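Visitor: Please show me the model, and then explain the terms used for it.

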Amino acid sequence: MQALSGVDIALWDLRGRLEGCPVSALLGGSPPARLPAYASGLGPGQTVEKARRAVAAGFRALKLKVGFDVEADLAAVAAVRAAVGPAVAVMVDANQAWTPEQALAIGPRLAAHGVRWLEEPVVSTDEDELARVTGKVGLPVAAGENVYGRRGFARLLEARAADVVQPDVAKTGGLTELRAIVGLAAEHGRPWAPHYYGGAVGAAATLHGFAACPGGLMVEWDWNENPLRDDLLVDGFDVRDGSVAVPAGPGLGIEVDRRRLARFEVAR
């Protein structure tokens with residue numbers, strides 16, 4: 001499915017270039033120029049420092065990595081909350097680290113710090129496992145980065161296994177599947193927030209998909225050094241004041257700098 005995602009995104013980009021039209025418009029949207037974003041990938045080290053830098057850069061929502069040690073996790077969340085104040089949204093991502101019993105015990109303690117959502121608290125390829133905690137853990141559960149295609153999301157939604165669905169355009173089948181998944185989420189009354197933690201092409205596809213499809217909350221923006229995203233383009237992404245501009249040119253609206261791309265070549 002990840003390979004098919006790349007092909008699907010490339011075909012949407014090609015169609016947009018041939019028609020002189022942004023992909024977001026091809027998908028049926030009348031997109032805003034800028035999209036709300038949250039700074040992602042904070043922790044486990046230097047979490048407070050990264051959070052402060054993100055807020056100073058204009059972000060009003062952050063996501064911390066947890067799932068390492070319960071007391072250390074809670075201490076990190078408390079420290080970030082104290083550092084950024086109550087007006088900044090804080091989410092956490094456990095990366096499937098806990099059992100349902102652990103998640104049910106930890107959830108209320110995270111909720112006490114005003115955590116907006118808990119991402120992948122348990123094994124997320126098992127809808128039944130997720131359903132054991134969703135609606136019972138004391139705060140919304142987000143999942144979907146490891147769910148593939150509209151059929152996978154149909155199972156997730158029918159099992160009521162997530163409060164916020166998180167399709168990843170580079171994993172779940174591309175923009176074609178993303179549009180279908182967002183439609184399913186709407187039918188089930190669930191908002192969506194795209195997962196994305198990768199390079200420049202997928203980031204552009206994520207922005208166009210979010211801009212065109214209704215019901216989205218925020219886009220994820222990796223707050224770590226990311227040369228495959230930030231150094232790969234002729235003109236980079238416009239990230240400021242907690243938002244990211246949708247590339248405005250035809251197709252995905254980006255141009256890969258071939259000379260920079262050559263730096264990453266390992267074989268021919």
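**Helix packing and a cavity**

Guide: Helix 1 and helix 8 are roughly perpendicular to each other. This is a predicted model, in which local features need pLDDT of at least 70 and side-chain atom pairs count only at pLDDT 80 or more, while totals for chains, interfaces and linings use all residues. Residues are numbered from 1 along each chain, and side-chain values use heavy atoms, without hydrogens and water.

Visitor: Why are helix 1 and helix 8 called roughly perpendicular?

Guide: Helix 1 (residues 2-19) and helix 8 (residues 174-187) pack at about 95°, and angles of 65 to 115 degrees count as roughly perpendicular, those under 35 as roughly parallel, those over 145 as roughly antiparallel and the rest as oblique. The two axes lie 6 Å apart.

Visitor: What makes the contact between helix 1 and helix 8?

Guide: Ser-5, Asp-8, Ile-9 and Trp-12 of helix 1 meet Gly-174, Leu-175, Thr-176 and Arg-179 of helix 8, where contact means heavy atoms within 4.5 Å.

Visitor: Why is helix 3 described as roughly parallel to helix 4?

Guide: Helix 3 (residues 47-56) and helix 4 (residues 70-84) pack at an angle of about 30°. That value makes helix 3 roughly parallel to helix 4.

Visitor: What makes up the lining of the largest cavity?

Guide: The lining consists of Tyr-196, Tyr-197, Gly-198, Ala-203, Glu-220, Trp-221, Asp-222, Asn-226 and Arg-229. A cavity is a set of points on a 1 Å grid where a 1.4 Å probe fits but cannot get out, and lining residues have an atom within 4 Å of a point. Strand 7 (residues 219-222) gives the largest share of this lining, 3 residues.

Definitions and conventions
Axes are lines fitted to C-alpha atoms, for helices over the stretch in contact, and angles run from 0 to 180 degrees between N-to-C directions. Helices (H or I, at least four residues) and strands (E, at least two) are DSSP runs, numbered from the N terminus. On a 1 Å grid over the protein atoms alone, a cavity is a set of points where a 1.4 Å probe fits but cannot get out, and a pocket is an open set with protein on both sides within 12 Å along at least five of seven lines; lining residues have an atom within 4 Å of a point.
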